[in-house]
Amino acid sequence: MLGTMNFPILTWITFLPILGILIILLVPSGKDDKGQELSKIIIRWVAVGITFMQLILAVIIYLNYNPAMAGVNDLKTFQFVEKLSWITATLPMVGNINIEYFMGIDGISVPMILLTAIICFVAVFPSFGIKKAVKGYFAMYLLLDLGMMGVFCALDFFLFYLFWELMLLPMYFLIGVWGGPRKEYAAIKFFIYTLVGSVFMLLVMIGLYHSTGSFNLLEMMNAANFRGDSIFGGINTTIRYVAFMGLFIGFAIKVPLFPFHTWLPDAHVEAPTPISVILAGVLLKMGAYGMIRIAFPIFPDAFGYFQTLIAWLGMISIVYGAFCALGQHKVGKRDFKKLIAYSSVSHMGLVILGLASMRPEGTVGAIFQMFNHGIITAMLFMIVGVIYDRAHTRGLDDFGGLAKKMPIYTGIMAVAFFAAIGLPGMSGFISEVLVFLGSFKSYPVLTIISGLSIILGAAYMLWALQKIFFGVIPEKWQGPWDPTKLIYKTDDVNGLEMVALIPLAIIVIFLGVYPNPILNLMTGSVNHFIEIMRPFVYIGGM
Amino acid sequence: MTQDLVLPLSLLILLIPLLSFLINIFFGNKLGRISGVVGTTILGIDLGLAIAVAFTKLSSFGEIHVIQNRFEWFSLGSQKIIVGIGIDNIAAIMLIVVTLISFLVHLFSTVYMEGDRRYPKFYAYLGLFTFSMLGIVIANNFLFMYVFWELVGISSYLLIGFWYEKNSASNAGKKAFITNRIGDLGFFIGIMILFFTYGSFMFEDVFAGISSGVMPFSNPTMLTVAGICIFMGAMGKSAQFPLHVWLPDAMEGPTPVSALIHAATMVAAGVYLVAKVFAMFTADALTFIAVIGTITAFISATIALTQVDFKKVLAYSTVSQLGFMIMSLGVGGYTNGFFHLVTHAWFKAALFLAAGSVIHAMHHAMHHMHDHHTDPQDINNMGGLRKTMPWTYRTFLFVTLALSGIPLTSGFLSKDGILAGTMAYANLTGGWHWIIPILAFTAAGMTAFYMFRLTIVAFHGEHKTEIAKHTKENKLPIVLPLVILAFMSLWIFYSPNPIDASKGWFHRMIVQPKSAVPAAYQWSFLLTEEAAPAVHQTGEAAGSTEVKAENPHEVTAAGHTTGHYLNKFQEETHHFHYLAMLLSLLIAGSGIALAFAIYQYKVISADKLETRFKFLHTFSLNKWYFDELYQSTVIAGTLVVSKSLSWFDNYVVDGLVNLSSYVTRGFGYVVGIFDNYVIDGAVNLAANFTGFCGSKLRKLQTGQIQSYVVFVLLGILILLYFFI
Amino acid sequence: MEIGLTHYLVISAILFSLGLYGIITRKHAIMVLMGLELVLNAANINFIAFARYGGMNIEGHIAAIFVIILAAAEAAIALAIVLNIYQNFRHVNVDEVDNLKG
């Protein structure tokens with residue numbers, strides 16, 4: 001097995017983008033004798049190559065991962081572990097600082113790593129449309145990739161925090177430089193929002209360090225490692241509740257959970273297509289991942305205390321997001337991306353509801369929903385990108401009858417839309433059902449209210465579908481998108497867009513029919529996770 | 001065929017239409033016109049297999065309740081999600097119903113949809129629909145049921161909105177899907193309650209759990225609630241009041257689709273579901289079902305009286321007949337409810353296909369006359385079609401008789417059984433329950449009336465327009481399915497006795513399953529004395545548990561021989577049989593007579609009646625204002641909530657965020673001023689003072705070396721003065 | 001009257017004063033340098049006188065020789081500077097070379 005070999009695969013998969021950044025920065029700019037900007041082409045394909053290599057590494061990890069080993073809080077059953085002493089120093093007044101370069105994965109992180117690799121790979125293709133400062137764009141893109149991958153691999157809180165912040169910076173520039181008309185506002189909003197979350201996280205991290213004398217997440221999960229007289233020592237203390245809430249808010253902002261969600265519509269609307277894809281596909285998952293990996297197992301008692309509140313927040317997000325998606329109120333200003341952004345709020349609320357249930361079905365469903373939402377929303381945003389590139393508008397009221405003009409596109413889009421409304425045969429269905437089954441056992445009433453999203457989801461998605469694809473094409477788009485045939489040789493999706501969209505569609509359908517490949521990864525870890533939480537929380541039906 | 005072959009072949013039957021879907025969706029453009037032939041051929045093969053399987057099940061293994069397997073779909077560690085497929089007697093019959101009608105519709109559409117730009121897509125969607133519908137038929141667990149339930153919904157959505165250029169079509173598709181989803185939510189909640197309580201999706205596990213006395217939330221009322229929730233799914237799909245509003249709108253779809261989906265199969269899925277999980281309904285749940293069915297049957301019959309759109313009349317008639325089936329199941333008439341489903345499937349499909357034939361002919365005539373404004377579906381534009389379209393007329397007339405419940409037709413047998421059942425039920429329960437048979441008989445009378453009104457106005461008399469005069473009988477692929485379906489509506493297929501079906505094979509094969517509900521919560525007249533029908537399983541799929549019944553041949557499903565009834569209800573039904581038959585014949589006959597009097601012989605003036613009962617007429621014509629009611633309450637309410645929440649999000653939640661940013665910036669501004677003038681002022685003051693001193697002292701620096709020497713000298717002298 | 005240490009010191013003091021006066025008053029750079037030489041020689045006289053009368057013995061001689069060598073080196077450098085000054089300013093008037101004036 002590869003995990004026992006000395007090949008540091010997690011380091012490779014995380015830091016591979018560095019190599020890409022170096023190459024990209026070294027590519028000289030300039031044109032060749034035909035006037036083609038050669039550097040752009042090289043840079044793009046370097047990004048494709050690097051992310052593809054990452055994807056291959058992710059697949060290797062997937063194939064060599066042993067689902068029988070649970071992980072979560074047990075170092076021995078983590079896999080592909082790399083544990084090195086990184087920063088050791090004795091500082092006056094602080095004492096020994098011991099930060100480790102500690103990476104390892106279990107059943108909760110493997111699906112996320114796979115998701116990150118897939119999304120980062122496919123999002124490169126819509127990035128080909130970026131015309132401005134290509135070099136900077138792809139350097140930032142790969143840096144973002146690095147940060148995200150690191151977050152899912154890190155098992156040392158300090159390292160985790162480092163990657164968490166590292167991904168923030170390129171995201172800020174990617175929205176702020178390559179975004180839409182209100183990009184500065186959106187970028188700063190995103191940045192500050194996340195930073196507020198990070199502050200809470202930093203404070204709690206320092207407190208935890210003082211209580212346990214280590215940044216090691218696994219040691220923090222063991223109550224025996226807390227010194228009795230330290231601030232987070234003991235159990236069910238107010239300060240532990242406060243600390244849990246701090247972490248929870250920090251992660252909830254990323255999810256995003258009502259009422260911390262308002263950065264999302266702005267960021268999505270302004271971000272360029274591939275960045276929306278990554279934002280929805282991977283970034284939102286980091287919040288929920290942080291909860292499972294850090295907030296819940298370190299403070300299980302506090303989670304038990306707030307469990308019902310969290311379930312409520314999940315329910316509110318689900319229904320509220322669905323209503324907001326349905327009710328964009330200014331006719332003529334109804335934005336396709338905003339609709340999807342709010343549907344993301346709704347779908348991520350489902351993840352929180354599933355986690356709050358603390359049932360195996362609910363938790364597995366939640367993680368699977370994270371994966372599925374990543375794939376499906378990535379598809380949706382790319383689909384928006386396709387028409388935005390051609391029509392330069394995303395207004396729901398500006399279109400109509402595209403099914404006639406772009407049949408293949410409509411077919412792909414139908415897969416994504418139907419997956420988003422949880423149609424059986426698509427992966428979203430399985431995760432939705434699992435979440436509902438799990439949460440029904442713990443919170444039947446909340447689950448029934450959340451069930452409204454089944455109807456509302458169908459309503460807003462079909463409404464958008466009708467607005468854009470059915471009816472008659474508006475006069476201004478009767479002709480071809482690009483009469484010169486220079487940029488678009490066909491009115492339908494082109495090859496590059498298909499390369500990005502078709503694999504995602506296949507994943508969605510395949511996992512909808514046969515979800516075991518992903519579910520098997522995490523069941524062991526999730527069951528172990530619930531065993532850890534069990535003494536502290538309310539588990540319905542057990 | 002051996003028993004082990006039944007399930008693999010069923011799976012094959014399920015997957016073959018999916019193949020048709022895949023071929024037509026991916027290669028449709030290359031196939032072009034051939035795609036219709038491909039689709040029809042594939043369905044023909046499917047039909048052959050379905051007949052083989054159904055005959056095997058019914059003839060060789062009829063006494064075995066269900067041939068099924070179970071396998072693991074996916075697992076969550078210790079918790080495994082077990083599903084499976086199973087063929088019981090009703091599934092076997094449904095296999096034939098679905099594949100035969102689907103095949104005939106495929107055949108019919110080769111001509112009807114000719115020339116449509118998306119011809120291959122149409123066949124693809126038909127394939128997808130047939131696949132999903134067959135999935136419902138062979139599911140033996142709630143999860144698969146729900147999966148295919150949704151897939152049926154989506155394929156119906158695609159087919160209703162097939163002509164999406166028309167806004168009304170895409171609206172109708174959307175309305176159908178969303179209305180169905182409301183029912184589905186109830187269905188799903190019901191599934192959650194059952195899964196929560198019994199830990200399995202399998203019907204048999206759930207029934208076993210119920211009969212062992214375990215109740216959801218330890219409360220028998222919750223079992224009723226679960227039953228009603230499951231039934232909500234049926235209300236959505238089978239267009240029961242108050243979720244019936246989507247079905248008439250769904251007539252926007254191509255007419256063959258209406259025949260396949262909105263008359264014979266998909267809308268029957270709700271009835272099928274109720275029949276399939278009949279064992280879990282408590283007495284209260286059954287009462288609810290019966291009431292809903294009765295209301296539906298009555299309301300939609302009244303609406304059908306006044307509609308002028310050919311297809312709308314048929315649509316409301318369908319809703320009404322579905323109400324009859326649901327009502328029958330609700331009162332305990334399991335066999336007759338399902339019987340009516342089957343007989344209704346044939347003649348309603350025939351009616352719709354005949355409507356398609358008429359509309360197709362009208363379209364051609366309009367095309368011929370370069371008329372593009374007349375409504376080809378308005379019956380007032382037709383008239384006299386019996387002369388131009390004889391075959392369509394003959395079949396239409398025959399199936400209309402079947403629908404009206406005239407002897408020698410299958411409809412007579414099933415409707416008579418239902419009406420007798422309602423009387424038996426009312427007699428056994430007493431009190432207000434008598435409303436059910438009263439409304440049922442009234443609805444049956446109205447059925448006969450509006451069907452003959454339709455026949456007379458559209459086919460009899462003189463041509464009302466030039467278009468009607470120019471109609472021509474359609475080609476064979478359109479006429480043949482009509483004839484076949486009309487033929488299927490003969491009594492002989494179900495029972496040798498044209499006035500009593502209870503001795504026929506159908507009633508021998510389709511027997512009410514033993515109720516799983518503990519006796520305390522079930523009507524005593526529905527309880528059976530016999531042991532539960534034996535369950536036989538074949539399990540070749542991986543992970544399936546191999547549970548053989550002790551002795552499948554010990555108990556025969558045909559448990560009641562002559563003179564011995566399954567339960568009190570059946571006995572009572574038999575007693576009311578002749579009374580019900582006489583009454584229904586009388587009522588149907590007077591309905592028909594009235595129709596002839598008004599529309600054929602004009603003894604009574606239709607216009608006068610209209611003005612006399614103006615209010616009732618408008619009320620019926622406007623479909624009891626259900627659409628308006630929903631528009632102003634549910635839809636408007638949802639929109640108001642969503643818009644206000646969206647406003648709230650934009651201005652309050654985001655406003656708070658922006659407010660906090662303004663506050664922070666304002667504070668920053670104040671701090672900035674303080675910093676600029678106070679802190680930085682102090683720093684600048686120190687710097688300025690130093691600069692001032694420097695500027696004064698620099699004067700000493702003359703640059704002349706000799707003056708420096710003098711300073712040095714002076715310095716030395718001063719030092720000397722101090723030291724000495 | 002026997003010539004003693006005092007006489008030498010007086011001579012040396014006069015010579016030093018003359019040299020200092022030359023350094024401070026003269027405008028010509030060469031003259032300033034000559035004044036500097038006088039000051040150095042006055043110091044030399046003192047060293048020799050102390051070697052003879054004051055008990056400095058050989059050290060006084062050595063110091064004097066050092067001074068002479070230093071004076072020679074200093075003269076060389078100083079003359080070079082003067083030459084540079086001349087090249088830049090076309091004169092060697094120290095009063096006007098006041099570029100470092102504050």
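In this predicted model, the lining of the second largest cavity draws most on α13(A), which gives 6 residues. Helices α12, α15 (407-420) and α16 (427-442) of chain A join α13 in each supplying at least two residues of that lining. The space itself comes to about 90 Å³. Around it sit S343(A), H347(A), Q369(A), N372(A), H373(A), I376(A), T377(A), L380(A), A419(A), A420(A), G428(A) and E432(A). Sorted by class, this wall holds 7 polar residues, 4 nonpolar ones and just 1 that is charged.

A look through the whole structure turns up 4 cavities of 30 Å³ or more. The largest cavity takes up about 100 Å³. Its lining has 14 residues, and those nearest the centre are H347(A), A420(A), E432(A), S453(A) and G457(A). Some of these names have come up already: H347(A), A420(A) and E432(A) also belong to the lining of the second largest cavity. As for helices, α18(A) gives the largest share of the wall of the largest cavity, with 5 residues. Both α12 (336-357) and α18 (452-469) of chain A put in at least two residues each. The classes here are 7 nonpolar, 5 polar and 2 charged.

Pockets, unlike cavities, are open. The second largest pocket holds about 1,300 Å³ of space. It has 42 lining residues, and closest to the centre come F128(A), G129(A), I130(A), K131(A) and D389(A). Helix α13(A) turns up again here, with the largest share of the lining at 6 residues. Quite a few helices of chain A chip in with at least two residues each: α2 (38-64), α5 (157-178), α9 (263-270), α10 (273-298), α13 (360-391) and α19 (495-513). Split by class, the pocket wall has 21 nonpolar residues, 12 charged ones and 9 polar ones.

Next come the cysteines. Across all chains, the number of disulfides is 0. C120(A) shows how this plays out: the closest cysteine sulfur, that of C153(A), is 12 Å from its own, while a disulfide calls for sulfur atoms within 2.5 Å, so the two are too far apart for a bond. C120(A) also counts as buried, because its relative accessible area is 0% and the cut-off for buried is under 20%. The same reasoning applies to C324(A), which is at 0% relative accessibility and therefore buried.

Finally, there is the question of how the chains meet. There are 2 pairs of chains in contact, and chains A and B share the most contacts. On the chain B side 50 residues take part, and they touch 63 residues of chain A. Together the two chains bury about 4,900 Å², with 70% of that area on carbon and sulfur atoms. Within what chain B buries against chain A, three residues stand out: L76(B), Y164(B) and R181(B) supply 13% of the area, more than any other three residues. Chains A and C are another story, as no contact joins them. Even the closest C-alpha atoms of chain A and chain C lie 48 Å apart.

Definitions and conventions:
Residues are numbered from 1 along each chain as its sequence is written. Chains are lettered from A and ligands numbered from 1 in the order in which they are written. This is a predicted model: local features need pLDDT of at least 70, side-chain atom pairs count only at pLDDT 80 or more; totals for chains, interfaces and linings use all residues. Side-chain values use heavy atoms; hydrogens and water are left out. Buried means under 20% relative accessible area, exposed over 50%, partly exposed in between (1.4 Å probe, protein chains only). On a 1 Å grid over the protein atoms alone, a cavity is a set of points where a 1.4 Å probe fits but cannot get out, and a pocket is an open set with protein on both sides within 12 Å along at least five of seven lines; lining residues have an atom within 4 Å of a point. Grid points are joined across faces, edges and corners, and a volume is the space filled by probe spheres set on the points. Helices (H or I, at least four residues) and strands (E, at least two) are DSSP runs, numbered from the N terminus. Ala, Val, Leu, Ile, Met, Phe, Trp, Tyr, Cys and Pro count as nonpolar, Asp, Glu, Lys and Arg as charged, and the others, Gly among them, as polar. Contact means heavy atoms within 4.5 Å. Buried area is the accessible area (1.4 Å probe) that two parts lose on being put together, summed over both.
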